[in-house]
Every structure is written in C-alpha cells, then in structure tokens.
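I opened the model to look up a few things about its strands, one helix and the core. My notes follow.

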Amino acid sequence: MQLVILGAPGAGKGTFSQSIKKYKQFTHIATGDIFRKHIKDQTDLGKVASTYIEKGKLVPNDLTDDLIFSELNLVKKDFILDGYPRNLDQAKKLDEMLRELKIPLTACVSLSIEQEVIVDRLRSRVVCSNCAYSYNLKTAPTKTKGICDNCGGKLVHRKDDSPEIVTHRIQIYERETEPVINYYEEQGKLLEIDCGEIDFVTQIDEIWSLLLEREVKV
Ligand SMILES: [Zn+2]
C-alpha cells in the first residue's frame, strides 16, 4: 500500500503515520529525512544539496525530485510519502515517477482540520525551558502549574506556536496544497479525513478498511 499524506502543521501527520503502522509496516519517506541522510552519507545528490543548504538557499525542485525518485526506487512498496508533493508541479512529477517505476499509488490521505482547532491546540501546548519536554495544558497538564514534572524547570509557550505564526503557516500550506488536493480528488485518489471534532485515532479501523478497499481496486 502506497500513500501520500497531506496535512497542515499541527494536523497530526506524525500521529497518523504511527497509528497506521499497527496494520502494516510502512516505510516513512519524509523529504527532510532523505536530505539529511544523503548529506550525511555524502552521496552525489547529498553533496549538491548541501551546497544549497549551507548557503541557506532552497534546494531546487529538480534535485528534490531526484532524491524522491531514488528513494522510491529503493523502497518500492508500502510507504507513506510525507512532505512531497508540496505543489501541483510536484504532484504531476510524482505521477510520472511512479509510472516509470511501476508503483501504484493507493491513496492520498489528506488530514483536514479547522485553522481555529490547530491554533487552539497549539495554544495549550507548553514546553519546559530547561529540558524541552512538552505538555498539553488541557489533556496532559503538569502536577504543579507552570512547573516541569521532569526537572522542575519553568514552562513556556514556543514562539512557533503563537497564533499569528501558526495561522500564517497554515495559510501558506493551504495556498500551496489546495491544487494538489484537487488534483488527487479528480483522480479519485483522495481520502479526506476530518481531524477536527473526533480524534482520528478512534476512526483508524474505519480508515484502514477504506484504504484496503482502494488497494484492491488498483
Ligand atoms: Zn523540564
């Protein structure tokens, strides 16, 4: 089963990928991890990529495509592709690559969530300023208010979690990925999961059977 996963920051892509692994061993293909791996192993692709990253520049699309291609060629099946495609060009490119490698894509899983829900969720997240352990004020509060259970450090909100920054990141995400979501919908490959009201971990059995049905159709 081959999946693409889409979701705004805070929508729970990591949690989803973890939960789905109880049914099947998936290889998690995350673009950031692939870059790091190639740079660490000093592969040809990694050497070129690091020249951009060292200068603080964005890695060109072609190079990202090449990295994804080499990884898909290596893994071949049972993967969750995370962080790619980010835009319509990449989605089309991915189709080309999968066709060339004769890998069928089972579905694009899109975790949809209201902006307010994410902002609210991140607002209740605090981290220890000393040991970086994170807590949720609503669902997993500390024994003493404002103090880390682990080390007694002071709890703070992360700058990245501020409503302004979170809202901005979500808007960028939506602008870029909306065409990608439409693209997969037109192909009948989209599986949209509402992560707002109900925690999707409780829907995971249902989601899994939907994915199995699609796998048979291929
Ligand atoms: Zn601490």
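I looked first at strand β5 (residues 125-128), which pairs with β7 in the antiparallel sense over two bridges. I took strands as DSSP runs of E of at least two residues and helices as runs of H or I of at least four, numbered from the N terminus; strands pair if DSSP finds at least two bridges between them. Val-127 has Val-156 of β7 as its bridge partner. The open sheet holds three strands in the order β6-β5-β7, with antiparallel pairing. Its edge strands, β6 (134-136) and β7 (155-156), each pair on one side only.

The model is predicted: local features need pLDDT of at least 70, side-chain atom pairs count only at pLDDT 80 or more, and totals for chains, interfaces and linings use all residues. Residues are numbered from 1 along each chain as its sequence is written.

I then checked helix α7 (residues 163-186). Its 24 residues should span 34 Å, at 1.5 Å times one less than the number of residues, and the end C-alpha atoms are 33 Å apart, which agrees. I found a bend of about 40 degrees at Thr-177 (the angle between axes fitted to the seven residues ending there and the seven starting there), and Pro-179 follows within four residues. After α7 comes Gly-188, with a positive phi near 70 degrees.

I listed the buried residues of α7 (20 or more other C-beta atoms within 10 Å of their own, C-beta atoms being placed from the backbone): Val-166, Thr-177, Val-180 and Tyr-184.

Notes
Buried ≥ 20, exposed ≤ 12 C-beta atoms within 10 Å, placed from the backbone.
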